[in-house]
Amino acid sequence: GAAPVALRQLIPAELLERGEGCPFDPAPGLRGLRGQGAVQPLELGNGARAWLVTGFAEAREVMGDLRFSSDRVRYRDATQMGADEVAAQAGAPVCPVPVEARADGMFIFMDPPEHTRLRRLLTGQFTVRRMKALEARVTEIAVEHIEAMRAAGTGADLVPAYALPIPSLVICELLGVDYGDRGSFQENTAIALSSASTDEERARAGGELYGFIARLIAAKRVEPGDDLISGLIHDADPPLTDAQLIDLTLVLLGAGHETTANMLALGAFALLENPEQLAALRADPELVDQAVEELLRYLSIIQLGVTRVATQDVTVGGVDIPAGATVVLGVPEVNRDPRHWDDPDRLDLRRERAPHLAFGHGVHQCLGQQLARIEMRIGFTELFTRLPGLRLATPATEVPLRNDMLIFGVHSLPVAWD
Ligand code: HEM
């Protein structure tokens, strides 16, 4: 068969650093596979063989087929590969806690039936009532941050001023973190999840976060509030252990913070770089829901982070994947499969609605997608209505891209307004 493509070629790097190519397109190595097979052999960093899926139908099939496992702890030895390897290649920490320590409640890395119970407990907490209450808070948080930016001048870095604090504060709301603790909570989360931190800094911030969450859970056991942790403690029968509660909290933090922050910042960047699309959104604010879906598809920020392990021999798209093999889903290319989308490389807010795979599919499909959509809808709306004449304050080629990370985005986004 064809020579395997090397994983490192699938991460956008040098081209974009030289200001060539479109920062919103899949990495040239990944995009270059278009028109070839939807399932391709892949060589991981240590030379091990894996499989890469670039076709939409095939990716949906893999995500929906429980013969492909998410259990990185159990299958780690069989494969010596998995998400951590992919993450290490990309230079990104996926989670502040090492994989061996995560067996209790890290349901994102579990298969049914263990996965089912924990996921159900958590989805039960994302009630309509709680989401409605959060929606009002998201608006307040967004408006507060924009007003602070306006009060300080006519320019700012959108990442620390807007994109990072929104999801961070929303998670504080969800978990019931006291206002007084939010500063250190935000700071430690940022350090624990940043590739700019040293291993020591990450370990220290991760440790502090772990201790903080443990104390938070202990406090909620004694004095329950209206928050998700109190709800989990109340609703679980049999009761959840502290270790499980800590893990569930860390999953929410790991999955909900950087993803949303990068969608907000990169989404704003993409709209500013597509002025006719932004004008359409400004002319018709009702377009925002469609804009959110199209940006999710177009940007597909979780680049190579969705992976599975085949638990038996499975044929996908005519390719035999052997038991024990790691499968990497090339979501940015999957969401631009020309067999599924017309003119896939165009950002088109008026595109006919069709499901994308930016939130995954199947039993692990993003549990926070409702909340993520609320944050993006409100985040973009307030940003583009409250800051007239919003524009980039630096040439687009100088915006520092997070192209060395598992989650794609920008390190900073200098903007100005009138
Ligand atoms: C799972 C994307 C925001 C919580 C996932 C998965 C994807 C994804 C692709 C599937 C992973 C897999 O199949 O292995 C995103 C994107 C987001 C976002 C692009 C932002 C735009 C959020 C938020 C939260 C959240 C805000 C929570 C507050 C979760 C959880 C899972 C998950 C708990 C694991 C579900 C399971 O394993 O059953 N997300 N997510 N996500 N996401 Fe999100």
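Q: Ala, Val, Leu, Ile, Met, Phe, Trp, Tyr, Cys and Pro count as nonpolar, Asp, Glu, Lys and Arg as charged, and the others, Gly among them, as polar; how many residues of each class does the shell around the ligand hold?
A: On that scheme, the shell around the ligand holds 15 nonpolar residues, seven polar ones and one charged one. The model is a predicted one, in which local features need pLDDT of at least 70 and side-chain atom pairs count only at pLDDT 80 or more, while totals for chains, interfaces and linings use all residues. Numbering runs from 1 along each chain as its sequence is written.

Q: What makes a residue one of the 23 around the ligand, and which come nearest?
A: A residue is near a molecule or strand if its C-beta atom, placed from the backbone, lies within 6 Å of it. Among the 23 residues around the ligand, those that come nearest are Ala255, Gly256, Gly360, Cys366 and Gly368. Two or more shell residues each come from helix H13 (242-256), helix H14 (258-273) and helix H18 (369-386), where a helix is a DSSP run of H or I with at least four residues, a strand is a run of E with at least two, and both are numbered from the N terminus. The largest share, four residues, is given by H13.

Q: Why are H9 and H13 called roughly antiparallel?
A: Helix H9 (residues 165-175) and H13 pack at about 160°, with their axes 10 Å apart, the axes being lines fitted to C-alpha atoms, for helices over the stretch in contact, and the angles running from 0 to 180 degrees between N-to-C directions. Angles under 35 degrees count as roughly parallel, over 145 as roughly antiparallel, 65 to 115 as roughly perpendicular and the rest as oblique, and H9 and H13 are therefore roughly antiparallel.

Q: Which residues of H9 and H13 meet?
A: Pro167, Ile171 and Leu175 of H9 meet Thr249, Leu252, Leu253 and Gly256 of H13, a contact being two C-beta atoms, placed from the backbone, within 7 Å. By class, the residues of this contact divide into five nonpolar, two polar and no charged.

Q: Why are H11 and H12 called oblique?
A: The axes of helix H11 (residues 199-222) and helix H12 (residues 228-235) come within 9 Å and cross at roughly 60°, and the two helices are therefore oblique to each other. Leu216, Ile217, Lys220 and Arg221 of H11 make the contact with Ile229, Ser230 and Ile233 of H12, and these residues comprise four nonpolar, one polar and two charged.

Q: Is the crossing of H7 and H18 left-handed or right-handed?
A: A crossing is left-handed if the near helix is turned anticlockwise from the far one by less than a right angle, and right-handed if clockwise; the crossing of H7 and H18 is right-handed. Helix H7 (residues 128-152) and H18 pack at an angle of about 30°, and their axes are 9 Å apart. The contact of H7 with H18 has ten nonpolar, three polar and four charged residues.

Q: What makes Pro113, Pro238 and Ser300 worth a look in the backbone?
A: Most residues other than glycine have a negative phi, and most peptide bonds are trans. The bond from Pro112 to Pro113 is cis, with omega near 5°, and Pro113 is found in the loop between helix H5 (83-90) and helix H6 (114-123). Asp237 and Pro238 are also joined by a cis bond, with omega about 5°, in the case of Pro238 within the loop between H12 and H13. Ser300, which is not glycine, has a positive phi near 30° and is found in the loop between helix H16 (288-299) and strand S6 (307-310).

Q: How do you know where the predictor's confidence is under 50?
A: The score is pLDDT, the predictor's confidence in each residue, from 0 to 100. The chain averages 88, and 89% of the residues score at least 70, but pLDDT stays under 50 over residues 77-83 and is below 50 over residues 89-101. Where pLDDT is low, the predicted coordinates should not be read in detail.

Conventions: Nonpolar A, V, L, I, M, F, W, Y, C, P; charged D, E, K, R; others polar.
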